[in-house]
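Subject: Structure for you, with notes

Hello,

Here is the structure I promised to pass on. My notes follow below it.

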Amino acid sequence: MISDSPVYYNSEMANHYAEYRPLLHVDIIGYFFRDVAPFNRGLDIGCGVGHSSIALSNFCVDIDAIDCSQDMLEHTIPQDEIRYQLGGVNPLPFEDRIFDVVTLAGSLPYIKSQSLVDELLRVTQLRRTIMIYDFDISLAAIFEALSLEVKPTDYQYDTNFQGLITDPISLQDVLEDQLYIEVSAANLVHLLLSTHEGIIAAKYKYDIDSTDALVAIVKDKIGDITQLVVKRYAALYRHA
């Protein structure tokens, strides 16, 4: 996640992000890029702890990855082809027309603006490709099973550039589907504690300060393995 606003993620949340995220990024990117020749240079905006950047490295030779959260960047996994850096999007800290592809994974709802689109057009090559994607892991039933009261958010997982001027690129393809994943109790706890709401609700309800303690509670109330519903969203923009 990246923003020019105050940082949303702290070190505790970043640690849980680094410990576990479902392996969805590669498949979502591959939906559009699997049969495309590898891109030369890519930009991953809102890279977080690097899951999305590592996924992009399967389809791109050289990658710059940017995020506004130092806590998130401190939990990234180093890879030779990925350059992580701290920064915002207004403006993007890059020269004109140097990227072939840009991905925004779970970051656009925070930063959507005409100035962002203008910056993306500035830093990309003429035959540019821009991909927006996200996934919604349904945890409502988990919160209910754990008796955790978490307020719903207005976050829009299917956000794209609708309403903004994107010439000379346009929306070319969309992915919107649903699948099921199986998650261990330990990884389910990492999902819960990767959000402010989950951390606050769990600590208030159970008065615990250890991940292992919450894992034990999850195993007791839900079980060792849980099936979750995941809704996937992606939008591909490029020249017609």
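A nonpolar core, as used here, is a set of buried Ala, Val, Leu, Ile, Met, Phe, Trp, Tyr and Cys residues joined through side-chain atoms within 4.5 Å. Please keep in mind that this is a predicted model.

**Cores**

The largest nonpolar core has 50 residues. Phe33, Met131, Leu214 and Leu228 have the most contacts inside it. Helix H8 (residues 185-192) gives the largest share of this core, five residues.

Leucine 228 shows what such a position touches. Leaving aside residues up to four places away in sequence, its contacts include Ile137, Ser138, Leu139 and Ile142. Leu179, Tyr180, Ile181 and Val183 are also among the residues that leucine 228 touches. So are Leu188 and Leu191.

Another core, of 23 residues, lies apart from the largest one. Among its members are Ile98, Leu108, Phe161 and Ala235.

**Aromatic pairs**

The structure holds seven aromatic pairs. One of them joins phenylalanine 33 and phenylalanine 39. Their ring centres are 5.0 Å apart and their planes stand at 70 degrees, so this pair is edge-to-face. Both residues are buried: phenylalanine 33 has a relative accessible area of 2%, and phenylalanine 39 has 12%. Ring pairs also bring in Phe59, making a cluster of Phe33, Phe39 and Phe59.

A tilted pair is formed by phenylalanine 161 and tyrosine 237. Here the distance is 4.8 Å centre to centre, with 55 degrees between the planes. Where do the two residues of this pair lie? Phenylalanine 161 is in the loop between helix H7 (140-145) and strand E6 (170-184), while tyrosine 237 is in strand E7 (residues 225-238). The pair therefore ties together parts that are 76 residues apart in sequence. Phenylalanine 161 and tyrosine 237 are both buried.

**Cysteines**

How many disulfides does a search of the whole structure find? Zero. Take cysteine 47 as a case. The closest cysteine sulfur to its own is in cysteine 68, 9.7 Å away. A disulfide needs the two sulfur atoms within 2.5 Å, so 9.7 Å is too far for a bond. Seen from the other side, cysteine 68 is in no disulfide, and its nearest cysteine sulfur is that of cysteine 47.

Are these two cysteines buried or exposed? Cysteine 47 counts as buried, at 3% relative accessibility. Cysteine 68 counts as buried too, at 12%.

Best wishes

Terms used
Residues are numbered from 1 along each chain as its sequence is written. This is a predicted model: local features need pLDDT of at least 70, side-chain atom pairs count only at pLDDT 80 or more; totals for chains, interfaces and linings use all residues. Side-chain values use heavy atoms; hydrogens and water are left out. Rings of Phe, Tyr and Trp (its six-membered ring) pair if their centres lie within 6.5 Å; planes under 30 degrees apart count as stacked, over 60 as edge-to-face and the rest as tilted. Buried means under 20% relative accessible area, exposed over 50%, partly exposed in between (1.4 Å probe, protein chains only). Helices (H or I, at least four residues) and strands (E, at least two) are DSSP runs, numbered from the N terminus. Contact means heavy atoms within 4.5 Å.
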